[in-house]
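This report walks through selected local features of one model. Read it with the sequence and the coordinates open.

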Amino acid sequence: MCQTGTLFDVQRFAVHDGPGIRTTVFFKGCNNRCAWCHNPESLLVRPQIEFYPDRCIGCGKCFAACALGAHALRAGAHSIDRAKCTGCGKCAETCYASALTLKGYRATVEQIMEQILADKPYYEQSGGGVTLSGGEPALQPAFARELLIACKREGLHTAIQTAGNVPFEHLKELLPHLDMVMYDVKGFAPSVYQWHVHGDRERILDNLHRLDEAFTGALAVRTPVVGPVNDTQEEIGAIARMLGELKHLRYYQLMPYHALGKAKYDALDEAFEESYYTPSPERMTQLEDLAAQYVTVFNYTRGFLRPSGK
Ligand code: SF4
Ligand code: SF4
């Protein structure tokens, strides 16, 4: 049976989602709610309309296209009644100015493979491949598994980016078809999970240790470094010390927070959390140097930083 999955994007020529040139497949739906998420369109499984008013030419076609009357003028401004919108996408189909974009669609493994295979020569030349990302790809394990099997049948390198807040069995059934797992650890203190990630800390950390036992491919751990939440020596030091106990970690990567997702929050009529900030380059260097006392750290500019004696 050909599985279908819910996605919100497929990006070609990705160079920061694993080795080489890759195609990244973005799954829609996540069960964490990281308040700094730069892909707010990834969180809900259902399709959503993004509206970019600066592109709108006021043609009114979307008003006519929406049978539910979700487009309205309020105080002279074009707005979408999100309670009425079912995400059918008909308004976006009529918008030639691309002010409306439907985020979320169903696709079969065959349809995604057609896109993936278009760039096979680039993967072969660069040592690249395919990365499943999101959202949380492990929340759609049957679709993810069939997609990975199809990739391996073509001899492609496969990777997944996961936040790990899933039953371990979801991850386990993907492992035989994966060359690389990029696992997010967003903090160590329980308060980071309680107030910012809104995910199950114990399950996430437990799954990481179980992965370390079960996975024979490359295991990388990544932390988005977000001021003022986890840009401290206490947080990054605690994570790095925990990672130092793993047997099969290939490397640890620290990724500075950025606020580039703000436009998407506005386009979805969702609140953007303004209190986070990007740690300075000097701060990132200090934190990487600290982590490198315990584990191998990877940075695209600095390369691999290894603990002394390793
Ligand atoms: S996606 Fe469908 S329901 Fe929502 S505003 Fe557009 S036409 Fe209306
Ligand atoms: S169809 Fe697009 S350009 Fe026309 S009014 Fe609607 S959003 Fe604006």
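Twelve names make up the surroundings of ligand 2 in this predicted model. One run covers Cys56, Ile57, Gly58, Cys59, Gly60, Lys61 and Cys62. The others are Thr94, Cys95, Ala97, Ala99 and Leu100. By class, this shell holds eight nonpolar, three polar and one charged residues.

Ligand 1 has 14 residues around it. Cys66, Ala70, Cys85, Cys88 and Cys91 come nearest. Here the shell divides into nine nonpolar, four polar and one charged.

**Helix packing**

Two helix pairs deserve a look. Their geometry is tabulated below.

| Pair | Angle | Axis separation | Crossing |
|---|---|---|---|
| Helix 3 (109-117) and helix 5 (141-153) | about 40° | 10 Å | right-handed |
| Helix 9 (233-243) and helix 11 (281-291) | about 30° | 9 Å | right-handed |

How are helix 3 and helix 5 set to each other? At an angle of about 40°, they are oblique. Helix 3 contributes Val109, Ile112, Met113 and Ile116 to the contact, and helix 5 contributes Glu146, Leu147, Ala150 and Cys151. Seven of these residues are nonpolar, none is polar and one is charged.

Helix 9 and helix 11 pack at about 30°. From helix 9, the contact takes Gln233, Ile236, Gly237 and Ala240. From helix 11, it takes Leu287, Leu290 and Ala291. The class split is five nonpolar, two polar and no charged.

**Backbone exceptions**

Most residues other than glycine have a negative phi, and most peptide bonds are trans. The following sites depart from that pattern.

Start with the peptide bonds. Gly134 and Gly135 are joined by a cis peptide bond, with omega about 10°. Gly135 sits in the loop between strand 8 (129-133) and helix 5. A cis bond also links Gly227 to Pro228, where omega is about 0°. Pro228 belongs to the loop between strand 11 (218-225) and helix 9.

Now phi. Ala75 is not a glycine, yet its phi is positive, about 50°. The loop between strand 4 (71-74) and strand 5 (77-80) holds Ala75. Is Ala75 buried or exposed? Ala75 has 5 other C-beta atoms within 10 Å, so it is exposed.

Ser98 also has a positive phi, about 60°, and is not a glycine. Its place is the loop between helix 2 (90-94) and strand 6 (100-103). Ser98 counts as exposed because it has 10 C-beta neighbours inside 10 Å.

**Thr24**

Thr24 lies in strand 2 (residues 22-27). Why does Thr24 count as buried? Because 20 C-beta neighbours fall inside 10 Å, and the cut-off for a buried residue is 20 or more.

Which residues does Thr24 contact, leaving aside its neighbours within four places in sequence? They are Gln11, Ala14, Asp17, Thr131 and Ser133. Thr24 can also be paired with Asp9. The two are 15 residues apart in sequence, and their C-alpha atoms are 8.3 Å apart in space.

Technical notes: Residues are numbered from 1 along each chain as its sequence is written. Chains are lettered from A and ligands numbered from 1 in the order in which they are written. This is a predicted model: local features need pLDDT of at least 70, side-chain atom pairs count only at pLDDT 80 or more; totals for chains, interfaces and linings use all residues. Axes are lines fitted to C-alpha atoms, for helices over the stretch in contact, and angles run from 0 to 180 degrees between N-to-C directions. Helices (H or I, at least four residues) and strands (E, at least two) are DSSP runs, numbered from the N terminus. Angles under 35 degrees count as roughly parallel, over 145 as roughly antiparallel, 65 to 115 as roughly perpendicular and the rest as oblique. A crossing is left-handed if the near helix is turned anticlockwise from the far one by less than a right angle, and right-handed if clockwise. Two residues are in contact if their C-beta atoms, placed from the backbone, lie within 7 Å. Ala, Val, Leu, Ile, Met, Phe, Trp, Tyr, Cys and Pro count as nonpolar, Asp, Glu, Lys and Arg as charged, and the others, Gly among them, as polar. A residue is near a molecule or strand if its C-beta atom, placed from the backbone, lies within 6 Å of it. A residue is buried if 20 or more other C-beta atoms lie within 10 Å of its own, exposed if 12 or fewer, and partly exposed in between; C-beta atoms are placed from the backbone.
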